[in-house]
Amino acid sequence: KDPNDIDYATTMPANDTYQAIVDSPDELGKKGGAQGQPVVRMKKEFGSVQVEPDNRTGLDIISTHDDGNASLRLDLDALSRDFTVNAVYYDIANETVIDPTGHGLDDLLTRRVRFVNASSDKSLEEQPWRVARWLKMMSKQDANGNYFEAADAQDVTTALKWLDEHSKTMDLDAKQRFMDRMSCSEVEAKARVTRIFGRLPKVGGQDPVKTALAAIAAIYRKV
């Protein structure tokens, strides 16, 4: 299956990358994209620049970083990523695939969602939008329609716990970031959690799917 989501990693800070593109002879920053949106925009909070962000095949240019700080080392950059499958690089100059975590390629082949540098409990507790990232990754399919699975079965229970907890404490900004990460409607979000948590057993009379659906409803309600 041909990839349609390829990010460029660069050691150039996002500010400089954005300015270089805007100042290019093509004047990309001055052109109008879909519905009048800019062809190039910068997302400071993520350290990235997006080219044609409204197109499905748009390009993200990511500044390599180490826990939020600019870094020239791919191994440190890889450790700052969320999942191993998102920490695989292609060296254009040497035409070589680089897999710093040692798990990324295998996890891509076996459709496994594995956290890079922390337990799922710690990672999902820190930021609500990481739960959304995990849900979205678990909803990806290969060319044969097979879904990705959690590398550790316990991650599914952990994700449900933090989806439920975060839904009760998120402010409007956090809810918006969560929905941005999900990149889907409330109806689709509910379909995702129904499939992902539907195999969990009931514990203490609690239905995992009902818990997940209530959490999604609370987040998408935005009140």
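The residues that line the second largest pocket divide into five nonpolar, three polar and three charged. The model on display is predicted, and this tour starts at that pocket before following one helix outwards.

**Stop 1: the second largest pocket**

Select Thr157, Leu160, Lys161, Asp164, Glu165, Leu200, Pro201, Val203, Gln206, Pro208 and Thr211, which together form the lining of the second largest pocket. The space inside this pocket amounts to about 220 Å³. Which helix gives the largest share of the lining? Helix α6 does, with five residues. Colour α9 (208-221) as well, since α6 and α9 each supply at least two residues of this lining.

**Stop 2: the whole protein**

Now clear the selection and show the full chain as a cartoon. There are nine helices and 10 strands to find. The protein has 223 residues, and 36% of them are buried. Consider next the contacts whose partners have a separation of 6 or more: 57% of these join residues that are 24 or more positions apart.

**Stop 3: helix α6**

Select residues 154-167, the range of helix α6. From its first C-alpha to its last, this helix of 14 residues reaches 20 Å, close to the 20 Å expected at 1.5 Å a residue. Is α6 mostly covered or mostly open? The helix is mostly covered, with 10 of its 14 residues buried. Among the buried residues are Asp155, Val156, Ala159, Leu160, Trp162 and Leu163. Two others, Thr158 and His166, deserve a stop of their own.

**Stop 4: Thr158 and His166**

Display the side chain of Thr158, a residue of helix α6. Its relative accessible area is 9%, and because the limit for a buried residue is under 20%, Thr158 counts as buried. Beyond the residues up to four places away in sequence, Thr158 touches Ser120, Asp121 and Leu124.

Move along to His166, which also belongs to helix α6. His166 is buried, again with a relative accessible area of 9%. Which residues are in contact with His166, once its neighbours within four places in sequence are left aside? They are Leu124, Glu125, Gln127, Pro128 and Val131. Leu124 is thus a residue to label at this stop, for it appears among the contacts of Thr158 and among those of His166.

**Stop 5: Asp121 and Lys161**

Select Asp121, which is found in helix α4. Leaving aside the neighbours within four places in sequence, the contacts of Asp121 are Thr158, Lys161 and Trp162. A distance may also be drawn here: the C-alpha atoms of Asp121 and Ala159 are separated by 7.7 Å, although the two residues are 38 residues apart along the chain.

Next, show the side chains of Asp121 and Lys161 together. These two residues form a salt bridge, and their closest N and O atoms are 2.7 Å apart. Asp121 lies in helix α4 (residues 120-126) and Lys161 in helix α6, so the pair ties together parts that are 40 residues apart in sequence. Are the two partners buried or partly exposed? Asp121 is partly exposed at a relative accessible area of 29%, and Lys161 is partly exposed at 38%. Lys161 has a further place on this tour, as one of the residues that line the second largest pocket.

**Stop 6: two further salt bridges**

The count of salt bridges comes to nine. One of them joins Asp164 to Lys168, with the closest N and O atoms 3.5 Å apart. Asp164 is among the buried residues of α6, whereas Lys168 counts as exposed at 59% relative accessibility.

For another example, select Asp107 and Arg114. This salt bridge has its closest N and O atoms 2.8 Å apart. Asp107 counts as buried, at 2% relative accessibility. Arg114, by contrast, counts as partly exposed at 28%.

**Stop 7: Arg41 in strand β2**

The last selection is Arg41, placed in strand β2 (residues 40-43). Arg41 counts as partly exposed, at 31% relative accessibility. Draw a line from the C-alpha of Arg41 to that of Val22: the two are 9.4 Å apart in space and 19 residues apart in sequence.

Methods
Residues are numbered from 1 along each chain as its sequence is written. This is a predicted model: local features need pLDDT of at least 70, side-chain atom pairs count only at pLDDT 80 or more; totals for chains, interfaces and linings use all residues. Side-chain values use heavy atoms; hydrogens and water are left out. A salt bridge is a side-chain nitrogen of Lys or Arg within 4 Å of a carboxyl oxygen of Asp or Glu. Buried means under 20% relative accessible area, exposed over 50%, partly exposed in between (1.4 Å probe, protein chains only). Helices (H or I, at least four residues) and strands (E, at least two) are DSSP runs, numbered from the N terminus. The expected span of a helix is 1.5 Å times one less than its number of residues. On a 1 Å grid over the protein atoms alone, a cavity is a set of points where a 1.4 Å probe fits but cannot get out, and a pocket is an open set with protein on both sides within 12 Å along at least five of seven lines; lining residues have an atom within 4 Å of a point. Grid points are joined across faces, edges and corners, and a volume is the space filled by probe spheres set on the points. Ala, Val, Leu, Ile, Met, Phe, Trp, Tyr, Cys and Pro count as nonpolar, Asp, Glu, Lys and Arg as charged, and the others, Gly among them, as polar. Contact means heavy atoms within 4.5 Å.
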